[in-house]
Amino acid sequence: NMSAVTVEDFKAEKVSKKEAIAFLQENASVKFLQDSKLFGKLAAIAKGSSKDKVLSALAAFEADPEAKKDAGEGDLAEALEKTKALKIKEEECKKNQKDAAKEAEASTGPEKVGFTKKIIKKGKTHMKPGKGDVVSVWYTGKLEDGTVFDSNIETTRKKEKKALKFKVGTGLVIRGWDEALLTMTFGEKCEITIEPDWAYGKKGMPDAGIQPNTTLIFEVELECPVNIGV
């Protein structure tokens, strides 16, 4: 068992965020971890937690004798297996999607959708990314005549292949992509046909071989995050 991590240690940066979370996961009750939103796989939780969040959880743990886990309580991995956390996450996901749909309707009225989608392979779960979630995507972009203008799959050296990671729904990629990805479930592979207005529009992107007013076709696969129960 690791030695105790205190608020002071963490403030003095003697321990990393991940070490502080590991300490709490080993010593705090499941209820405390759930309430502090530190219940889940360590790597995923560490990635998604701010220093402030960890600091306040450490402070709460020190202040609350009830926060320590009972001797009879199994380890976190067992609890994770039994947890309803996934159900909660799914409910949250559904709610976010409903909210996003309502928002879109309210702000734009009935706007014509600028892409069509054909599912090639169904997702592994019915969960979809929410606005602002970081997604990992494999893709190949083609013109209507089949010319490939961009891909992170079709490189010759396998080792150099990297999924494209970005925050979805925040305008970092062309609109057709942003909007289409929010309709995809994790693990889904599909073909998206994007109209010029939702792609590179009147300007096109001549450097990449995309002329003005070009319809683009993307084969896209949305990677399934490890920390989602499938």
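Trainee: Which residues does Lys131 touch, not counting those up to four places away in sequence?

Mentor: Read a contact list as a map of what packs around a residue. In this predicted model, Lys131 touches Glu103, Val168, Gly169 and Leu182.

Trainee: Where is the place of Lys131 in the chain?

Mentor: Lys131 is in the loop between β1 (115-121) and β2.

Trainee: Is Lys131 buried or exposed?

Mentor: Look at the relative accessible area. For Lys131 the value is 55%, so Lys131 is exposed; the cut-off for that label is over 50%.

Trainee: How far apart are Lys131 and Glu179, in sequence and in space?

Mentor: Keep the two distances separate. In sequence, Lys131 and Glu179 are 48 residues apart. In space, their C-alpha atoms are 9.6 Å apart.

Trainee: How much of the chain's contact set links residues 24 or more positions apart?

Mentor: Take the contacts with a separation of 6 or more. Residues 24 or more positions apart account for 69% of them.

Trainee: Let me step back. How many helices and strands are there in the chain?

Mentor: Eight helices and six strands. Then read the order. Along the sequence the pattern is α-α-α-α-α-α-α-β-β-β-β-α-β-β.

Trainee: Where is confidence lowest, and where is it highest?

Mentor: Begin with the average. The mean pLDDT of the chain is 85, and 84% of its residues reach 70 or more. Now go element by element. Helix α6 (residues 76-82) has the lowest confidence, with a mean of 62. Strand β5 (residues 189-194) has the highest, at 96. Where pLDDT is low, the predicted coordinates should not be read in detail.

Trainee: Now the interior. What share of the 230 residues in the chain is buried?

Mentor: Buried residues make up 35%. On the outside, the chain exposes about 14300 Å². Carbon and sulfur atoms supply 53% of that area.

Trainee: Which residues in the largest nonpolar core touch the most other members?

Mentor: Look for the hubs. This core has 27 residues. Its hubs are Val137, Trp177, Leu181, Ile194, Leu216, Phe218 and Val220. Next, ask which elements contribute. β2 (134-143), α8 (175-181), β5 and β6 (216-222) each give two or more residues to this core. There is also a second, separate core of 21 residues, including Val5, Ile21, Leu24 and Ile45.

Trainee: Take Leu58. Is it buried or exposed?

Mentor: Leu58 lies in helix α5 (residues 51-63). Its relative accessibility is 0%, so Leu58 counts as buried. Setting aside neighbours within four places in sequence, Leu58 is in contact with Val5, Thr6, Val7, Phe10, Ala20, Phe23 and Leu24. Leu58 and Leu24 are 34 residues apart in sequence, yet 7.5 Å apart from C-alpha to C-alpha.

Trainee: Back to the hubs. Why is the pair of Trp177 and Phe218 edge-to-face?

Mentor: Check the ring centres first, then the angle between the planes. The centres of Trp177 and Phe218 are 5.3 Å apart and the planes stand at 75°, so the pair is edge-to-face; planes over 60 degrees apart get that label. Trp177 sits in helix α8 and Phe218 in strand β6, 41 residues apart. Trp177 is buried, at 4% relative accessible area. Phe218 also counts as buried, with a relative accessibility of 4%.

Trainee: How many aromatic pairs does a search of the whole structure find?

Mentor: Eight. Pairs can also join into groups. Tyr139, Phe149, Phe166, Trp177 and Phe218 form one aromatic cluster.

Trainee: Rings can also meet charges. Where does the charged end of Lys68 sit?

Mentor: Over the ring of Phe61, 4.8 Å from the ring's centre.

Trainee: Last topic, the backbone. What is phi of Glu13 near?

Mentor: Most residues other than glycine have a negative phi. Glu13 is an exception to look at: its phi is positive, near 60°. Glu13 is in the loop between α1 (7-11) and α2 (17-27). It is exposed, with a relative accessible area of 59%.

Trainee: And Lys37, where does it lie?

Mentor: In the loop between α3 (30-35) and α4 (42-48). Lys37 is not a glycine, but has a positive phi of about 60°. Lys37 is exposed, at 58% relative accessible area.

Conventions: Residues numbered from 1 in each chain as written. Predicted model: local features only at pLDDT ≥ 70, side-chain atom pairs only at ≥ 80, totals over all residues. Heavy atoms only, no water. pLDDT = per-residue confidence, 0-100. Helix = DSSP H or I, 4+ residues; strand = E, 2+ residues; numbered from the N terminus. Buried < 20%, exposed > 50% of the residue type's maximum accessible area, 1.4 Å probe, protein only. Contact = heavy atoms within 4.5 Å. Areas by Shrake-Rupley, 256 points an atom, 1.4 Å probe, with all protein chains shown as cover. Core = buried A, V, L, I, M, F, W, Y, C linked by side-chain atoms within 4.5 Å. Phe/Tyr/Trp six-rings, centres within 6.5 Å; stacked < 30°, edge-to-face > 60°. Lys NZ or Arg CZ within 6 Å of the ring centre and 35° of its normal.
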